[in-house]
Amino acid sequence: MDGKNKLETLLHARGMTRRDFMVQAAALGAGTALATSLWSNKAAAMPKKGGHMRIGLGHGSTTDSLDPATFENLYMQVAGANLRNNLTEVGTDGNIRPELAESVSASDDATTWTFKLRKGVEFHNGKSMDADDVIASINHHRGKDSKSAAKKLLEPVTEMVAEDKHTVRIKLEAGNADFPFIISDYHIAIMPANADGSADWQSGVGTGAMSLEKYEAGVRTSFKRNANFFKDGAGHFDSGELITIADAAARQNALTTGEVDAIDKVDLKTAHLLKRRKGIKLLEVSGNQHYTFTMRCDTAPFDNVDVRRALKFAIDREAIVKTVLKGHGALGNDHPISTASPYHAGELPQRVYDPDKAKFHLKKAGMENLSVDLSAADSAFAGSVDAATIYKENAAKAGININVIREPNDGYWSNVWMKKPYCAVYWGGRPTADWMFSTAYAADAAWNDSFWKHDRFNE
């Protein structure tokens, strides 16, 4: 990293004051003129506090809950991120950093992790955050009857001790250098502890930038600014709303007419038109998100590996990237680790559309043709119904009939995902390979939506 890049990194460090920046810039040998110019540019770009922010999201369901153990769609992730914080967080650079923790340290074998908590952090109800709150919040996902998606991630935890009010020691059954990443999972948010040691999730009280005013599952959530938020340079709006607008056209219309200030899941077919409109900025970033058509491996005919292979060769991925994603994506290759990861399996040959190979595997499975139902909805991912329709056309050339079922958006994640044997799914991805595998592919993981079990993999 050269001198200017180091200065840019310093510039965006949380809590960095002008004095601190100038001192460290001088230590790096930077001239006063350069350092002053960089700081002035930062100051000019700083947002002003105030205002009301309205965000229309293509997510949210009447089956949603304020319980972070149940969060399963982006609406609740965004709501939860406004209300609560974690011990650690993944920065915009992909690196892990303390959040409610002030520091994180490990034993030499990475089996024992010590979290020193920030002092003076308050929940929205005025209670000071301490070690008991942290332990109650983590235990919320670990109970015998817990259905939390984080239960599998926390399975290695064998002991938690509050060494004092601001120190938590967590012992693992084996060393894990990724544990600070795992504890940043959006399910494992810190909530106030009740008198009986349980976590208070019902109130929505947290330490976040916004406090809860009103919550209507699958409809709307309203917030007001937390005046005592512990982070500098964050939590700028006086108030805000998250609004569920599942239909893509309605969502974009709400933006263009000024009913909302921002939306996600822009309809890629009309994104170029939206980009031309005055006063609208179209922002795009790359990440670990990926789309899948998930088969339940415990349900016929998907319990036959050759049927699954036939279906993998029967889809034209390039056609979907070009026509549905309009080039705003890249080819997947039947694994969830993106090119952003150093462990991406880039050496694997790309699986391509090949109807003849699909027929070969069907024959191996003892079939000349195959008929299956495939469920999709815009709440799975924008364009999923169109992608399923293209898939149907592709597969027909291999003797496979795919019956596309357009499911309702509301309740999709409760009534279709992990219920129907073949359905469209989006995954936000995870920062580390182990975390992704443990969440979605470990045999007994709560979100193992393919119900795949492989002894060697689990070992």
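Two strands are taken to pair if DSSP finds at least two bridges between them. With that in hand, the predicted model can be toured one region at a time, starting with a sheet.

By this criterion, β4, β5, β7 and β6 line up in that order as an open sheet of four strands, with antiparallel pairing. The edges are taken by β4 (101-106) and β6 (157-164); each has a single partner strand, so one side of each is left without a neighbour in the sheet. From one strand to the next, the twist averages 20°. The pairing of β4 with strand β5 (residues 112-117) is antiparallel and runs over five bridges. A handy residue for locating this pairing is Val104, whose bridge partner in β5 is Phe115. A helix also joins the picture: α5 (residues 131-139) packs on the sheet, where it touches β5, β6 and β7 (167-172). The direction of α5 makes about 165° with that of β6.

Strand β8 (residues 210-216) is home to Ser211. With a relative accessible area of 9%, Ser211 is buried, since the limit for that label is under 20%. Leaving aside residues up to four places away in sequence, Ser211 touches Leu83, His124, Ser222, Phe223, Lys224 and Asn226.

Next comes helix α11 (residues 355-364), in which Pro355, Ala358, His361 and Leu362 are buried. These residues cover an arc of only 120° around the axis, and therefore lie on the same side of α11. The face turned away from that buried side carries Asp356, Lys363 and Lys364, which are exposed. What, then, covers the buried residues of α11? The cover includes α9 (305-313), β13 (370-376) and β14 (400-406). After α11 comes Gly366, with a positive phi near 85°.

The partnership of α9 with α11 deserves a look of its own. Their axes come within 8 Å and cross at roughly 170°. Angles over 145 degrees count as roughly antiparallel, and α9 and α11 are therefore placed in that class. On the α9 side, the residues that meet α11 are Asp306, Arg309, Ala310 and Phe313. Their counterparts in α11 are Pro355, Lys357, Ala358, His361, Leu362 and Lys364. Pro355, Ala358, His361 and Leu362 in this list are also buried residues of α11, whereas Lys364 belongs to the exposed residues on the face turned away from the buried side.

Strand β12 (residues 290-295) is largely enclosed by the rest of the structure, because five of its six residues are buried. Its antiparallel pairing with strand β15 (residues 422-427) extends over six bridges. Within this arrangement, His290 stands opposite Trp427 in β15.

Finally, a word on the cysteines. How many disulfides does a search of the whole structure find? The search finds zero. Cys297 is in no disulfide, and the nearest cysteine sulfur to its own, that of Cys423, is 12 Å away. Seen from Cys423, the closest cysteine sulfur is in Cys297, and the 12 Å between them is too far for a bond, because a disulfide calls for sulfur atoms within 2.5 Å. Both residues are nevertheless buried: Cys297 has a relative accessibility of 16%, while the relative accessible area of Cys423 is 2%.

Note on methods
Residues are numbered from 1 along each chain as its sequence is written. This is a predicted model: local features need pLDDT of at least 70, side-chain atom pairs count only at pLDDT 80 or more; totals for chains, interfaces and linings use all residues. Side-chain values use heavy atoms; hydrogens and water are left out. Helices (H or I, at least four residues) and strands (E, at least two) are DSSP runs, numbered from the N terminus. Axes are lines fitted to C-alpha atoms, for helices over the stretch in contact, and angles run from 0 to 180 degrees between N-to-C directions. Contact means heavy atoms within 4.5 Å. Buried means under 20% relative accessible area, exposed over 50%, partly exposed in between (1.4 Å probe, protein chains only). The arc is that of the directions from the helix axis to the C-beta atoms. Angles under 35 degrees count as roughly parallel, over 145 as roughly antiparallel, 65 to 115 as roughly perpendicular and the rest as oblique.
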